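Biologist: I would like to learn how to read a model like this one. Please take me through it feature by feature.

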Amino acid sequence: MSDPAPTLFLLGASHHTAPLELREKLSLAGEKLEAFRADLRAVAGLQEYAVLNTCNRVEIYGVAADPAAVARLEASFCARHQMDPAAFARCRLQLHDRPAVQHLLEVAAGIDSQVVGETEILGQVKDAYAAAQAQGTTGPVLNRMFQKSFQAAKHVRTHTAIGEGQISVASVAVDLALKIFGDLRPCRVLVLGAGDIGEKTAKAFKSRGAGRTTVASRNFEHANALAQALEAAALPFERVPEGLAEFDVAVCSTAAPEPVITRAMAAAAMRRRPNQPLFFIDLAMPRNIAPDVADLANVFLYNLDDLAKIADENLALRRAETDQVRQMLAAKSEALWVQLAPRMNGGADSIPR
Amino acid sequence: MSFLGFGDRAWYWMAAVCYLAGLVLGTVALLRDRRQSQGAIYAIIAAGFVLQTLGLFLRGRAMQSCPVGNMFEIFQFTAWSAICLYLVVGATFRLSLLGFFTSCLSAVLSLVSLTQPSWDAPHPVAAFGGHAWIAFHAALALFSYGVFGLLALTSAMYLLQTYSLKHKHLHGLFSFLPSILDLDLISVRLLAVGVLLMTWSLGIGSIHWLQDLASVDTPKLFTAALWLAYFAALVLRLSRRLVSQRLAWVCVVLFAVALLSLGPVNASRHPGAPTSAVPGLKT
């Protein structure tokens, strides 16, 4: 009777298979991850492994000398989480050989993510691989598989629209500003209102390089507090009309029941800067900016519904790309598996114990 | 006169095919692949430019002057000028979609002129009477047409981008357009360069006209009026009185008027003659 063949495997759970409460329980954050890595070293027959732990998934990729080694790993995982193996089996994601390769490629490309096409996951996969490398738990199979997954992720991002378009309101607003101003560094951003959504949008502008931010609120203390948090300046609310022309972008999110920016106010500002566009972002409900401001030349006005609609359209576009991306990745995983399969029979237990 | 067995028109055709290929490639990339192929388009347009330069060179050698003696040559020279400018501007500013639009303009100008045999009617050899300065004046005047052609393109792109942002149509072609401020910046520079070249051209021409005031005919007056219009647009823009969409519309309309009136203006100078020369030229 011949020995069982080594197997490339993926074992874990993700947002597709496990609800949030269960994922919280299975999470391998901080010391728990280190302890689990120690557990893994003790699993006989485990030749290579890497652990990917994010808020939406816990996945262990590895090469086992035989299927029994995967079963031992699963038992160890359940023991670490003090979880009934039968309960884990109900939410378990387990794939072998080429499907496991395909899965990693899809994860790295972002099409398995909750927010399709997001890029953060690629960084997390890279971190997981780097950690495994540092621990010396990768070998010829996982090295090749992870490196190829990074290339595949880059390829599909370049050749499809999977990562195009922002999908959060704040990021959509920043993208629109880029379409108007090209470079955000010289842009001066005025944040009207010290609420949460205004703060998020201001932070999004800042993270994309916007030059100077000023906060104005009816309550000057609130404006000052937010200004300090954003390393910005504070402006008394009553000075907004006269100072409006000094800004390129105005983000409005006050609780005022009436528009705080009227057409007359915007027109007066534009007379002082006729050749410079002015971008109004109205994130308030009820609206803070009179709708007829949009009729002024060189003035662009987007409200919450406009931004949400664009974000939805972008997400729909990304979802429409997933089939094409999956096909591209299937071709790549097939080619990769042809390369990996012979390496699986290298046989030696490669992990230092 | 030929090169490698091909006459000047054959080289013009090859150039036109290159410009058309740039247009087709750009359209396919945008519509099917939803991406741009700036590098490929730039290379194809550059190849077309080389071929067209060869055609102009052969025609110029045969005519013993700058080849701007009839309507066909004027259109070819204008397309060549626009491409020449694009190769500099496109490489320097890397304005998204500018190559696509330039290949579109040049393909149209080249193909329209090539498919109108009557526009390429024979004209006298050494059309400028051996006056190098007049030939230079003609070349400068047409080069400024090329600059204004490119300006019309960036202005059209500005209008499209403004429409896209105002009406919230942000996908498809619109998603690749450069920013409003980038387009405004390049448009103002092109306007200034065009006015400068045309001023230079008219300055050279006026030296000859002043010696013979009777020679100031409709084409010359039209050219002067066109220069005045562009000059006024530049002054108004610099003083911030003609900005954004209104400036863009003015630039598009002025170039359309300039291009569409080439025929009638020249016909008025040569009644009954199918051939024509550059407006304002003393031929």
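Biologist: What covers the buried residues of α12(A)?

Modeller: Keep in mind that this is a predicted model. The cover over the buried residues of α12(A) includes two strands of chain A, β9 (278-282) and β10 (299-303). The buried residues in question are Ala266(A), Ala269(A) and Met270(A), on a helix that runs over residues 263-272. Down the axis of α12(A) these residues fall within an arc of 100°, so they line one face of the helix.

Biologist: Which exposed residues does the face turned away from the buried side of α12(A) carry?

Modeller: That face carries Ala264(A), Arg271(A) and Arg272(A).

Biologist: How do I read the overall form of chain A?

Modeller: Start with the inventory: chain A has 13 helices and ten strands. Then compare its radius of gyration with the globule rule. The value is 26 Å, well over the 20 Å that the rule gives for 353 residues, so chain A is more spread out than a compact globule. The C-alpha trace spans about 90 × 40 × 35 Å along its principal axes.

Biologist: Into which domains is chain A divided?

Modeller: There are domain 1 (7-159) and domain 2 (169-309). Their centres, taken over C-alpha atoms, are 43 Å apart.

Biologist: What share of the residues of chain A count as buried?

Modeller: The share is 44% of the 353 residues. For contacts in chain A between residues at least 6 apart in sequence, 72% join residues at least 24 apart.

Biologist: Which residues touch the most other members of the largest nonpolar core?

Modeller: A core is read as a network of buried nonpolar side chains joined by proximity. In this one, which has 135 residues, they are Ala173(A), Val249(A), Ala250(A), Val251(A), Cys252(A) and Phe280(A). Helix α5 (residues 132-167) of chain B supplies the largest share of the core, 18 residues. A second, separate core has 52 residues, including Tyr49(A) and Met145(A).

Biologist: What does Val249(A) touch, not counting residues up to four places away in sequence?

Modeller: Its partners are Ala177(A), Cys187(A), Val189(A), Leu190(A), Phe205(A), Phe279(A) and Ile281(A).

Biologist: How many residues of chain B are in contact with chain A?

Modeller: 14 residues of chain B meet 15 residues of chain A. On the side of chain B that touches chain A, the elements giving two or more residues are α5, α6 (180-211) and α8 (244-260) of chain B. The most come from α6(B), with three residues. By type, that side of chain B divides into five nonpolar, four polar and five charged residues.

Note on methods
Residues numbered from 1 in each chain as written. Chains lettered and ligands numbered in written order. Predicted model: local features only at pLDDT ≥ 70, side-chain atom pairs only at ≥ 80, totals over all residues. Core = buried A, V, L, I, M, F, W, Y, C linked by C-beta atoms within 7 Å. Buried ≥ 20, exposed ≤ 12 C-beta atoms within 10 Å, placed from the backbone. Helix = DSSP H or I, 4+ residues; strand = E, 2+ residues; numbered from the N terminus. Contact = placed C-beta atoms within 7 Å. Nonpolar A, V, L, I, M, F, W, Y, C, P; charged D, E, K, R; others polar. Domains from an automatic or database assignment. Rg over C-alpha atoms; globule rule 2.2 N^0.38 Å. Arc of directions from axis to C-beta.
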